[in-house]
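Colleague: Could we take a close look at the pockets of this protein? I should like to know what lines them and which parts of the chain contribute.

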Amino acid sequence: MTLSRRDIDHIFERLRSGVVPERGLDAFAVGIERQRSEIARQLDLAAAGDGAFKFLRGGYGCGKTFMARLAVLDAQSRKPGFATSFVVVSPNDTHFDRFDDVYRRIVEELSTATCPRGALNDIVDRWIARVEDALVAGGADADGPDFDTLVQRRMDDEITTKTGGKAPEDFARVLRTVFALKQQGKVQDAGALLSWLGGSQNVAASAKSLAGVKGQVTSHTAMDYLHGVLEIVKAAGYAGLVIVIDEAETILRMRSDSRGKSLNGIRQIIDAAGRYHGLLWLFTGTPEFFDTKRGV
């Protein structure tokens, strides 16, 4: 493969710091054909509509994060590609006993081949464009006075159909309002509502009132919101969504009550994986995470 000067500098700087590069991994991804083939098989399953999960196990420094980063790049480079999210477990802001924390971090790190981070806005725009194109192809007049109403109605129908009617009511309401605000040129307000949709707890009440929502995404509803985001990702033309949870062994260093709840949270995610069609979860962890009494 041919690397740009920028990619080469990025690789050497990251390796010099002892950190896995985020680009150009193909240049030195050798000796891992078997593992890479298994990840490709998992991506095939997700692209075919299955919900899948995989654990990458190995000692410190053996290349788990490298393999996970490479999986992200492989997923994004497919035709069609996946949207991805790479989350490093942290005792400070990623608590698996709180699904709202997990959801917020996933959406913050959402990326695509063309948008390296914070890609929710771009994904929503791509979805809306496809909705508009479908209406025009069906004979609707893009310049007609009722076109925006037709778009919002089609957005509602797609959310209801694709999530089986299980998406929270506020999910569809916020997306309708985001579309309306963008049509009015109120991009900042639309961005604030998308931040709320991504789990932010720092959105002004004045912005939330535009969509008639209160509070924030809760731990109880977060996985339903994630299902909604997954379906929007696919409706925008992506094959699905890959979520990497790196350094899962960090959970073992939490307080015993938080540790137990976090491990149970992972169990709940795995139990429900089959219901999230097109979503692949990748967890990395050391042997301690898998084999000790404090682990899984």
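Modeller: A word on classes is needed beforehand: Ala, Val, Leu, Ile, Met, Phe, Trp, Tyr, Cys and Pro count as nonpolar, Asp, Glu, Lys and Arg as charged, and the others, Gly among them, as polar. The model is a predicted one.

With those classes, the lining of the second largest pocket divides into six nonpolar, two polar and five charged residues. This pocket holds about 310 Å³ of space. It is lined by 13 residues, and I32, Q35, L56, R57 and M67 are the closest to its centre. Three elements, α2 (33-47), β1 (52-57) and α3, each supply at least two residues of this lining. The greatest contribution to the lining of the second largest pocket is that of α2, with four residues.

The largest pocket has a volume of about 600 Å³. Its lining comprises 26 residues, and those nearest the centre are E22, R23, V72, L73 and Q76. Here α3 (64-77) and β2 (83-88) each provide at least two lining residues. The largest share of this lining, seven residues, is drawn from α3. By class, the lining of the largest pocket has 10 nonpolar, seven polar and nine charged residues.

One helix thus deserves attention in both places: α3 gives the largest share of the lining of the largest pocket, and α3 also supplies at least two residues to the lining of the second largest pocket. In that second pocket, however, α2 gives the most.

How values were computed. Residues numbered from 1 in each chain as written. Predicted model: local features only at pLDDT ≥ 70, side-chain atom pairs only at ≥ 80, totals over all residues. Heavy atoms only, no water. 1 Å grid on protein atoms, 1.4 Å probe; cavity = no way out; pocket = protein on both sides within 12 Å on 5 of 7 lines; lining within 4 Å. Points joined across faces, edges and corners; volume = space filled by probe spheres on them.
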